[in-house]
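Grab a pencil and have a look at the structure below. Try each exercise yourself before you read its solution.

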Amino acid sequence: MSPAPQAQQDGELMLTVLLRHDQSQHLEQIQSSLEERDWWHGFPPEGCEIVSWVVAMGIGQIVTLRFPAERLAAVNVELERRAWGVFATEFYPTYDFLPVRERLTREADERKASA
């Protein structure tokens, strides 16, 4: 089991990036393009924490990052520089729902106990 993610601090963003596989390319072509672009060293840029990075078969890679809000432009530039032409990209502002879920569960339990 992986460690629990850190709590989000004020001024930080979480961003989930879908890196959709280009199915017109085979794996060796994709890996070669990523290596040419120094993907594995250049993304994410400095100052960004990788919260999760998973592969969803049939979709591609799903990356969730946490970073100070002022790093958003750097994240965008590195994706333009390194991912375009290899992946189709989608972006979603994200937040950690686990603490909210835990609170809601606890409150529901308390209401049941007092009923």
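**Exercise 1.** In which helix is the place of Leu104? Then work out what surface feature Leu104 helps to make.

*Solution.* Keep in mind that this is a predicted model. Step one: find helix 4, residues 98-114; that's where Leu104 sits. Step two: check its cover. Leu104 has a relative accessible area of 38%, so we call it partly exposed. Step three: look for its partners. Together with Tyr95 and Phe97, Leu104 makes a nonpolar surface patch of about 330 Å².

**Exercise 2.** Which parts of the chain does the salt bridge between Glu90 and Arg20 tie together?

*Solution.* Start with the general idea: side chains of opposite charge can pair when their charged atoms come close. Here, the closest N and O atoms of Glu90 and Arg20 are 2.5 Å apart. Next, place them: Glu90 is in strand 4 (residues 87-94) and Arg20 is in strand 1 (residues 12-21), so the bridge joins parts 70 residues apart in sequence. Finally, the cover: Glu90 is partly exposed at 23%, and Arg20 is partly exposed at 31%.

**Exercise 3.** How far apart in helix 3 are Glu78 and Arg82, and is Arg82 buried or exposed?

*Solution.* First, count along helix 3 (residues 72-82): the two are 4 residues apart, which means about one helical turn between them. They form a salt bridge, with the closest N and O atoms 2.4 Å apart. Now use the cut-off: buried means under 20% relative accessible area. Arg82 has 14%, so it's buried, and Glu78, with 11%, is buried too. Last step: bring in Arg81, which is linked with Glu78 and Arg82 in a network of salt bridges.

Conventions. Residues are numbered from 1 along each chain as its sequence is written. This is a predicted model: local features need pLDDT of at least 70, side-chain atom pairs count only at pLDDT 80 or more; totals for chains, interfaces and linings use all residues. Side-chain values use heavy atoms; hydrogens and water are left out. Patches are made of residues with over 30% relative accessible area and no salt bridge: like charges are joined within 9 Å, nonpolar side chains (Val, Leu, Ile, Met, Phe, Trp, Tyr) within 5 Å. Accessible areas come from the Shrake-Rupley method with a 1.4 Å probe; for residues, only the protein chains shown count as cover. A salt bridge is a side-chain nitrogen of Lys or Arg within 4 Å of a carboxyl oxygen of Asp or Glu. Buried means under 20% relative accessible area, exposed over 50%, partly exposed in between (1.4 Å probe, protein chains only).
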